[in-house]
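Thanks for sharing this one. Here are a few friendly notes to read alongside the coordinates.

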Amino acid sequence: MTVAMQQKRVKFRKGKKMNLKKEIKTFCAKAGIWRKDLFGRWPYMHTPLQVAKLVELAVETRHIPGNYVEVGCAYGASTVLLMKTFDELSVARKGYALDTFDGFVESHASYDIETLGKNPSLRKSFRNNDQSWMRSSLDVSGIDNVEVIKMDATKFDYKRCGPIAYALLDVDIYLPIKDILPKLYDQLSDGGIIVVDDCVPDHPYWEGAYIAYREFVSEINSTEEIVSGKLGLIRKPQ
Ligand SMILES: C[S@@+](CC[C@H](N)C(=O)[O-])C[C@H]1O[C@@H](n2cnc3c(N)ncnc32)[C@H](O)[C@@H]1O
């Protein structure tokens, strides 16, 4: 076979592959299958203004030395957003992204359901995940400086992260936040910021986050600062 013939064949194969992808996507769109995965254009668990606030806080910490830690990274939307923000600002930070990739630890969920009276269906949240999904999200976004850690984040030694400039603590319920907040604060650089997500009093699912945030703020003799409706901030004075 001549080189020209070989090239023609490869071109034909590539063309066929492209059409197959188009056909499968079109089939799924029309049949209503995997629409969120294939056509979703909003990966965030935050509103546009909350996303803007997370970015604004990352910009605020640009001169603070230290790394980025996200506890409860789920599928990677906020990790990618914030690591790309640091990249655009030319701020060198390593990222640490922790998750069970299997939802809540049973004893933690039980506390919010049985002691705080929260909705029992929270038990089932975020179980449909896998560490490989998070790694793929980072890979396709061109991010190679995030360590992905699969474990119960209450068992992690946060000293491994070195100094922290910015942290997002996004594990939603009381016991893990109560346990992890002081550990993150110990590692937080002067001028650094911790964002505790879901600080909404009386929330039917996630009020435990607000209670743990409020208790910690009181322990360090600080004042509550909740922005964009649910982001509880903790700042270490300069
Ligand atoms: C709201 S999601 C995180 C969303 C993510 N930060 C974002 O904005 O895209 C909460 C995550 O916390 C994780 N999680 C809950 N308890 C945990 C624990 N003890 N250790 C590690 N991960 C935990 C869940 O598996 C879930 O993926």
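1. A word on pairing before the strands: two strands pair if DSSP finds at least two bridges between them. Strand 1 (residues 67-71) and strand 2 run parallel and are joined by 4 bridges. Please keep in mind that this is a predicted model.

2. Strand 2 also has a partner in strand 3 (residues 146-150): these two run parallel, with 5 bridges joining them. Within that pairing, tyrosine 96 has glutamate 147 of strand 3 as its bridge partner. Toward strand 1, it is glutamate 70 that stands opposite alanine 97 of strand 2.

3. How does strand 2 sit in the structure, and why might one call it enclosed? Of its 5 residues, 5 are buried, so strand 2 is largely enclosed by the rest of the structure. Its side chains are worth viewing from both directions: Gly95, Ala97 and Asp99 point one way, Tyr96 and Leu98 point the other way, and all are buried.

4. The connection is worth tracing too. Strand 1, helix 4 and strand 2 together form a β-α-β unit, and this unit is right-handed.

5. Glutamate 70 deserves a look of its own. This residue lies in strand 1. Is glutamate 70 buried or exposed? The cut-off for buried is 20 or more other C-beta atoms within 10 Å; glutamate 70 has 24, so it counts as buried. Setting aside residues up to four places away in sequence, glutamate 70 touches Ser78, Thr79, Ala97, Leu168 and Asp170. Its C-alpha is also 6.3 Å from that of leucine 98, although the two are 28 residues apart in sequence.

6. Now the ligand, which you may want to set up for your own calculations. Which residues come nearest to the ligand? Of the 22 around it, they are Gly72, Ala74, Ser78, Phe126 and Ala153. Helix 4 (77-88) and strand 2 (95-99) each supply at least two residues of this shell. Sorted by class, the shell around the ligand holds 11 nonpolar, 6 polar and 5 charged residues.

7. Finally, a helix pair. The axes of helix 5 (residues 106-115) and helix 7 (residues 174-187) come within 7 Å and cross at roughly 115 degrees. Helix 5 contributes His108, Tyr111 and Asp112 to the contact, and helix 7 contributes Tyr174, Leu175 and Pro176. By class, the residues of this contact are 4 nonpolar, 1 polar and 1 charged.

Technical notes. Residues numbered from 1 in each chain as written. Predicted model: local features only at pLDDT ≥ 70, side-chain atom pairs only at ≥ 80, totals over all residues. Axes fitted to C-alpha atoms, helices over the stretch in contact; angles between N-to-C directions. Contact = placed C-beta atoms within 7 Å. Nonpolar A, V, L, I, M, F, W, Y, C, P; charged D, E, K, R; others polar. Near = placed C-beta within 6 Å. Buried ≥ 20, exposed ≤ 12 C-beta atoms within 10 Å, placed from the backbone. Right-handed = clockwise from strand over helix to strand, strands pointing away.
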